[in-house]
Amino acid sequence: GISGDGAHFIRPDQFEDFFWIQAELPDGQTVKLTRSGYDYTLNNYTITILGLAELGLSNDEDRWDECYIDDRDNQIDIILKGDRIAMGYLSEVHLPSGITEYGRYKPLYNPGGPGIDPDPYTPYTAPSGYSTVEVTMAINDAMVVSYEDIKTFDEILNVNDCEGGNVKEGIRKHGKILRG
């Protein structure tokens, strides 16, 4: 998962805490989309940022608290609604991670704290820097990921090259994904 403070998960209602989106209009003008729930008009077409999604289990509550748990896949989806043409104007997603002319933005962290016996001299996580991701228009091409057969550690150990031999070499040779 990804965390906003190294300990708690990002909630669906926190788009404005971390991100803004840049749109580029045909006349060269750029527009910053910084607020969720606001209808932006781009060249007479409308787009609204609804929030973040695919973070965790749904919640019947109108809010999320420190007990919220995400799906731990290190991916964040920004949910939009609006006109298809307006979607085509989106060019970049920004993770500013600090103070900008558009406001104060929180950094992201890899979760993973110090446990119950922390070493005071060990950095366990660090804030993200300013990041920009180019938007890929996939409205007509719903790109998918490829499938890889997932093996458990015990299944890897049962591969002939690994029995009684070098497990790391067997894993390298067979190129399997481990899930413990």
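The questions and answers below go through a predicted model, its sheet, its core and one buried residue.

The model is predicted, so local features need pLDDT of at least 70 and side-chain atom pairs count only at pLDDT 80 or more, while totals for chains, interfaces and linings use all residues. Residues are numbered from 1 along each chain as its sequence is written, and side-chain values use heavy atoms, with hydrogens and water left out.

Q: Which strands stand at the edges of the open sheet?
A: Three strands (E runs of at least two residues in DSSP, numbered from the N terminus) form this open sheet in the order 3-4-5, with antiparallel pairing; two strands pair if DSSP finds at least two bridges between them. Each edge strand has a single partner strand, so one side of it is left without a neighbour in the sheet, and this holds for strand 3 (39–42) and strand 5 (77–82).

Q: How many bridges join strand 4 to strand 5?
A: Strand 4 covers residues 45–53 and runs antiparallel to strand 5. G51 has I79 in strand 5 as its bridge partner. The number of bridges joining the two strands is six.

Q: Is Q22 buried or exposed?
A: Q22 is found in strand 1 (residues 20–24). Leaving aside neighbours within four places in sequence, its contacts (heavy atoms within 4.5 Å) include T30, V31, Y89 and L90. Buried means under 20% relative accessible area and exposed over 50%, with partly exposed in between (1.4 Å probe, protein chains only). Because its relative accessible area is 8%, Q22 is buried.

Methods. Helix = DSSP H or I, 4+ residues; strand = E, 2+ residues; numbered from the N terminus.
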